[in-house]
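The following exercises concern the fold and the aromatic contacts of one protein chain. Each task is followed by a solution in steps.

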Amino acid sequence: MRSLAILTTLLAGHAFAYPKPAPQSLNRRDWPSINEFLSELAKVMPIGDTITAACDLIGDGEDAAASLFGISETENDPCGDVTVLFARGTCDPGNVGVLVGPWFFDSLQTALGSRTLGVKGVPYPASVQDFLSGSVQNGINMANQIKSVLQSCPNTKLVLGGYSQGSMVVHNAASNLDAATMSKISAVVLFGDPYYGKPVANFDAAKTLVVCHDGDNICQGGDIILLPHLTYAEDADTAAAFVVPLVS
């Protein structure tokens with residue numbers, strides 16, 4: 001496989017530059033290193049290709065990064081004082097991916113201090129076909145998951161998050177919930193939103209943060225993967241700082 005061969009070469013050349021951390025160091029990850037790694041990975045990705053062409057390499061690259069940095073791709077925590085329900089991007093592995101979600105969760109936990117954080121990934125296919133068709137059914141399924149979390153954890157502060165197609169899923173979920181239900185959501189944070197400029201339905205815009213990088217074709221309604229779409233980990237601290245006052 002072309003993608004596997006490229007990644008093997010890439011990782012062999014960077015194994016010493018980016019050592020895998022011990023499990024106890026996960027809350028002290030080296031942010032410059034992950035961004036440097038993603039930049040190197042982007043050099044061998046088919047930048048400028050459509051999401052259809054890039055899908056396999058994106059997934060393989062994230063798996064490699066997860067192994068190298070000790071990042072969990074799957075989260076099914078019990079509710080915490082604050083709970084994040086997160087929808088990953090197209091072709092991302094696990095149920096929260098690697099490029100964005102885990103970095104946001106780490107930053108948010110740090111910002112929350114002694115308060116507990118629970119993270120739940122949205123279990124949806126994150127397929128190219130769903131991205132191209134608007135991921136409508138996945139939004140309906142997420143809406144049901146939101147209602148379930150609110151019912152089982154009435155005291156948690158619930159935050160919705162999404163990256164890339166995951167942002168689509170959040171938009172579609174909100175469209176399938178009434179204002180009374182959405183009023184129980186504390187904050188919404190979206191990265192690389194294909195529906196950039198479209199408000200989250202039935203929700204207070206002041207409690208919504210949408211992060212879209214200049215030059216991100218996905219945020220412009222396209223399907224071309226460019227470097228600005230792959231580097232939202234660098235916005236994790238900003239997103240966490242936005243959320244904390246809303247869950248206090």
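Helices (H or I, at least four residues) and strands (E, at least two) are DSSP runs, numbered from the N terminus. The model is predicted: local features need pLDDT of at least 70, side-chain atom pairs count only at pLDDT 80 or more, and totals for chains, interfaces and linings use all residues. Residues are numbered from 1 along each chain as its sequence is written, and side-chain values use heavy atoms, with hydrogens and water left out.

**Exercise 1.** Determine how many helices and strands the chain has, and in which order they run.

Solution. Step 1: the assignment yields 9 helices and 5 strands. Step 2: read from the N terminus, the elements follow the pattern α-α-α-β-α-β-α-α-β-α-α-β-β-α.

**Exercise 2.** Establish the strand order of the sheet and identify its edge strands.

Solution. Step 1: two strands pair if DSSP finds at least two bridges between them. Step 2: under this criterion, an open sheet of 5 strands results, in the order β2-β1-β3-β4-β5 and with parallel pairing. Step 3: β2 (117-121) and β5 (208-211) each pair on one side only and are the edge strands. Step 4: β1 (residues 82-87) and β3 (residues 157-163) are joined by 6 bridges in the parallel sense, with Val84 opposite Val159 in β3.

**Exercise 3.** Describe which helices, among them α6, lie on the sheet, and at what angles.

Solution. Step 1: contact means heavy atoms within 4.5 Å; axes are lines fitted to C-alpha atoms, for helices over the stretch in contact, and angles run from 0 to 180 degrees between N-to-C directions. Step 2: helix α6 (residues 136-152) lies across β1, β2, β3 and β4 (185-191), at about 160 degrees to β3. Step 3: helix α9 (residues 236-243) touches β3, β4 and β5, and its direction makes about 160 degrees with that of β4.

**Exercise 4.** Classify the ring pair of Phe104 and Phe191 and locate its members.

Solution. Step 1: rings of Phe, Tyr and Trp (its six-membered ring) pair if their centres lie within 6.5 Å; planes under 30 degrees apart count as stacked, over 60 as edge-to-face and the rest as tilted. Step 2: this rule gives 5 aromatic pairs. Step 3: Phe104 and Phe191, at 5.9 Å centre to centre and 65 degrees between the planes, are edge-to-face. Step 4: Phe104 belongs to helix α4 (residues 101-112) and Phe191 to strand β4, 87 residues apart. Step 5: ring pairs link Phe86, Phe104, Phe105, Tyr163, Phe191 and Tyr232 into a cluster.
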